[in-house]
Amino acid sequence: MIDGLRVESAGTSTTVQDQGRVGYQRYGIPIGGALDRVSLMAANTVVGNDVGTAALECLYQGPVLRVTARSVRVAIAGAGAQLEITDRHGDRHIVAALESVRVMRDEIIRVRLKGPGMSAYLAVEGGLAVTQVLGSYSTFSRARIGGYAGRPVQDGDSLPVRQSHASERDEVRLANVSLKPGRSVRIMPGPQVDAFMPGSIEALCEQPYVVSPACDRMGMRLAGPKLSHRHAPDIPSEGMVSGSIQVPGDGQPIVLLADCQTIGGYAKIGIVISADLPLLGRLGPGHQISFSLCTIEEAKAARKELAAEIAGWRAKLEPLGNAHSFSRLYSTNLISGVADAMYADW
Amino acid sequence: MAIADTAFLVEFADHPMMRGRLLAFRAMLEKAEHPGIVEVVIALKTVLVHCDPDWAEPDKIRHELEQLALALSASDYQPARGRHWRIPICYDPTLALDLEAVAAHARLTTAEVARLHAEQTYTVSMIGFMPGQPYLTELPERLQLPRRLTPRTSVVKGSVAIATNMTVVYPIDCPAGWHIIGRSPVELFSLSGTPPAMLEPGDTVRFAAVSRHDYGALEAAVERNEWRLEPEASQP
């Protein structure tokens, strides 16, 4: 058994995720993968991994992990996320998002989600040593597939890592990259937009909706202006894509996310464009979300733009210098203050 | 029709050989080995084509899909001649939460509901919702009824349920809004299977009623990996 990270406290929903499981939807298995793939890719970039390497997705309340390997290099990415490292003397240090840090055996990593985002991704240099299932490391908990034992991690689990110790190199920061929670996402009209009363999609885009507490990796229920069907909400069941906005009989939309069912029978008024799907992964209960209509050409342009931005990240890595190898220069209070000021306008 | 920047939904007009057309279209897409096509999902009247959005312009893919659909001729239609399965089911009331309510609704006895359900030969219309989950048509008319008003947040793996003109078997614990009339011990989804789903669209299915005792024995055998269902040697 390879050492790695021991779960002292699992957090709300901490799962191993990568870019998803492609090719099995015809058998009823969703693509799944990170809700916010951009943050997954950012965290991996900072620790020097391939962008799609499996990492820990932390939702709502992050986990507390004890390092059992000789050392690990980690980075957190997510709107308002940070790491709190407790060293062997019991001193606590804060490491900002998108900064790499080397953590030694028996030191403690606490993933802090201070908002405004609801998700964060903890990447480990070299990746987590879990088993690939159907071409992916992603956890699909409902069917107990993939990740760590097919489920969210639990207190006491030992997550093996692929690299016995962090490589010898300077720590880095991914500068000038912002992972803001997306309050505004673009949609294309859904396949059943005409099954709704005239003006419904305009109504959907006119006022913001609020994310209700009923949300998980499968989908998020929204509350806002009621959308009315011309007749019934049911359609002959058909294949689904994540980002679909389906509307059941109560007129309140549900946006389907990474683990969405492969086939669904409710009318879909719109579909979130692929470039904006990661933004949905940053939203949680109580957050507002506004929709705006766009064309398929705009959707493709947005996707290209995002891909180009991600391709430029490696060039944006800045060395933090040896003094920052553990960010020990910073005190907890100082960094928290800076972070709060940075996020204040969100 | 482009329904996202990553997918096209091809809808087919009503046709007596709908299933055959959908299967033929999927086979055609697979044979074409189109580099821009990632996945193909068959449903009741539609084929969802997941595309690699970086590969080609949407208009080009749409045009190609249209051409392929138009090129489908009646001789390509694959008759629903998949494998045939006899799936054990237990209609014992302890495993069939809604059997009495369904019987009352249909003005039948519970035994008659079970008999009607088991007498029918069904076709697998589509696989999906949950991993390996079959949607089976055509439920006998006497048993057809709308979904439950309030879905259950979780039903037990193996639950056999009915609603509208279909019957389903839930392969894992999941939320469900259909009426549960029995339970099957069969594993419909297995990571060791190739493919992981036991059933395929076009397969045919009949249910074979087993006692509560036999159900327990089969479930235990499945649990110990000592038994798995094989298709029947011949068509019904």
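Helices (H or I, at least four residues) and strands (E, at least two) are taken here as DSSP runs, numbered from the N terminus. With that in hand, welcome to chain B of this predicted model: DSSP finds 5 helices and 13 strands in chain B. The model scores an ipTM of 0.92 and a pTM of 0.91.

**Confidence**
- The mean pLDDT of chain B is 91, and 97% of the residues reach at least 70.
- Within chain B, the lowest confidence falls in strand E1 (residues 2-4), where the mean is 78.
- At the other end of the scale, helix H4 (residues 110-119) of chain B has the highest confidence, at 98.
- A friendly word of caution: where pLDDT is low, the predicted coordinates should not be read in detail.

**Overall shape**
- Chain B has a radius of gyration of 19 Å, which agrees with the value near 18 Å that a compact globule of 236 residues would have.
- Measuring along the principal axes, the C-alpha trace of chain B spans about 55 × 40 × 35 Å.

**Packing**
- Of the 236 residues in chain B, 55% count as buried.
- Among contacts in chain B with a separation of 6 or more, 66% come from residues 24 or more positions apart.

**Surface and charge**
- About 10800 Å² of chain B is exposed, and carbon and sulfur atoms supply 51% of that area.
- Chain B carries 22 positive and 30 negative charges, and the mean positions of the two groups lie 6 Å apart.

Conventions: Residues numbered from 1 in each chain as written. Chains lettered and ligands numbered in written order. Predicted model: local features only at pLDDT ≥ 70, side-chain atom pairs only at ≥ 80, totals over all residues. Heavy atoms only, no water. pLDDT = per-residue confidence, 0-100. Rg over C-alpha atoms; globule rule 2.2 N^0.38 Å. Buried < 20%, exposed > 50% of the residue type's maximum accessible area, 1.4 Å probe, protein only. Contact = heavy atoms within 4.5 Å. Areas by Shrake-Rupley, 256 points an atom, 1.4 Å probe, with all protein chains shown as cover. Lys, Arg positive; Asp, Glu negative; His and termini not counted. Charge placed at Lys NZ, Arg CZ, Asp CG, Glu CD.
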